[in-house]
Amino acid sequence: MAATKTPRDHKQPKDKPRTITVMGATITIDPAVFDDLDMVELLYDMQHSDENPDASFDIVPFLRKLCGDEYPAVKQALRDPDTGRIGFDKVGEFTTQVIEAINPNSSRS
């Protein structure tokens with residue numbers, strides 16, 4: 001009699017670096033990047049930018065830390081080919097999609 005195969009979860013492990021592609025940018029993110037008070041503060045400040053308008057500038061250090069060496073490639077992928085600009089709407093959309101893709105809160109119970 002043949003052994004029954006158990007279905008496997010094809011999701012990438014939550015505790016290991018993951019490579020994702022979002023809006024044409026492929027980046028490898030180590031979920032441990034969110035196990036850092038500085039990173040959590042940046043996220044908090046960005047989410048509460050209505051309380052502190054200067055917090056919107058936290059997106060730059062946040063993305064640099066999140067993307068690491070791939071930050072220049074991310075900027076290039078987000079750059080509008082006609083204007084050469086990287087619009088903040090596009091940056092916001094990218095950031096939201098990355099966070100959803102890696103879902104750092106999924107390991108909490």
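This is a short walk through the structure, one selection at a time. Keep in mind that you are looking at a predicted model.

**Stop 1: the whole chain**

Start with a cartoon view of all 109 residues. You should be able to pick out four helices and two strands. If you trace the chain along its sequence, these elements come in the order β-β-α-α-α-α. Buried residues account for 25% of the chain. Look too at how the chain folds back on itself: among contacts with a separation of 6 or more, 52% join residues 24 or more positions apart.

**Stop 2: the nonpolar core**

Now select Phe62, Leu63, Leu66, Phe94 and Val98 and show their side chains. In the largest nonpolar core, which has 23 residues, these five touch the most other members. Colour the elements that feed this core: β1 (18–22), β2 (25–29), α1 (37–47), α2 (59–67), α3 (71–78) and α4 (88–102) each bring at least two residues to it. Which helix gives the most? That is α2, with five residues. As background, nonpolar side chains in soluble globular proteins tend to be buried together.

Stay with Phe94 for a moment. Which residues does Phe94 contact, once neighbours within four places in sequence are left aside? They are Val22, Met23, Ala25, Ile27, Leu63, Cys67, Val74 and Leu78. Keep Met23 and Leu78 in mind, as both get a stop of their own.

**Stop 3: α2 against α4**

Hide everything but α2 and α4. Their axes lie 12 Å apart and the helices pack at about 45°, which makes α2 oblique to α4. The crossing is left-handed. From α2, select Ile59, Phe62, Leu63, Leu66 and Cys67; from α4, select Phe88, Val91, Phe94, Thr95, Val98, Ile99 and Ile102, and you have the residues that meet here. Colour them by type and you get 11 nonpolar, one polar and no charged.

Click on Thr95 next, which sits in helix α4. Is Thr95 buried or exposed? Its relative accessibility is 8%, so Thr95 counts as buried, since the cut-off for buried is under 20%. Beyond residues up to four places away in sequence, Thr95 touches Ile59, Phe62 and Leu63.

**Stop 4: α1 against α2**

Keep α2 on screen and bring in α1. This pair packs at an angle of about 140°, with axes 10 Å apart, and that makes α1 oblique to α2. Again you are looking at a left-handed crossing. On the α1 side, select Asp38, Met39, Leu42, Leu43 and Met46; on the α2 side, Ile59, Pro61, Phe62, Lys65 and Leu66. The residues of this contact split into eight nonpolar, no polar and two charged.

Zoom in on Met39, in helix α1. Met39 counts as buried because its relative accessibility is 0%. Setting aside residues up to four places away in sequence, Met39 touches Val33, Phe34, Phe62, Lys65 and Leu66. Try a distance label between the C-alpha atoms of Met39 and Leu66: these residues are 27 apart along the chain, and the label should read 8.5 Å.

**Stop 5: Leu78 in α3**

Move over to helix α3 and select Leu78. With a relative accessible area of 3%, Leu78 is buried. What does Leu78 contact, leaving aside neighbours within four places in sequence? Its partners are Met23, Arg85, Ile86, Lys90 and Phe94. For another distance label, go from the C-alpha of Leu78 to that of Gly24: 7.6 Å in space, for two residues 54 apart in sequence.

**Stop 6: two loop residues**

Select Met23, in the loop between β1 and β2. Met23 is partly exposed, at 24% relative accessible area. Check its backbone as well: phi is near 50°, a positive value in a residue other than glycine. For comparison, most residues other than glycine have a negative phi.

Finish at Gly68, in the loop between α2 and α3. Gly68 counts as partly exposed, at 34% relative accessibility. One last label: from Gly68 to Ile29 the C-alpha atoms are 8.4 Å apart, with these positions 39 residues apart along the chain counted as their separation.

Key
Residues numbered from 1 in each chain as written. Predicted model: local features only at pLDDT ≥ 70, side-chain atom pairs only at ≥ 80, totals over all residues. Heavy atoms only, no water. Core = buried A, V, L, I, M, F, W, Y, C linked by side-chain atoms within 4.5 Å. Buried < 20%, exposed > 50% of the residue type's maximum accessible area, 1.4 Å probe, protein only. Contact = heavy atoms within 4.5 Å. Axes fitted to C-alpha atoms, helices over the stretch in contact; angles between N-to-C directions. Parallel < 35°, antiparallel > 145°, perpendicular 65-115°, else oblique. Left-handed = near helix turned anticlockwise from the far one by under 90°. Nonpolar A, V, L, I, M, F, W, Y, C, P; charged D, E, K, R; others polar.
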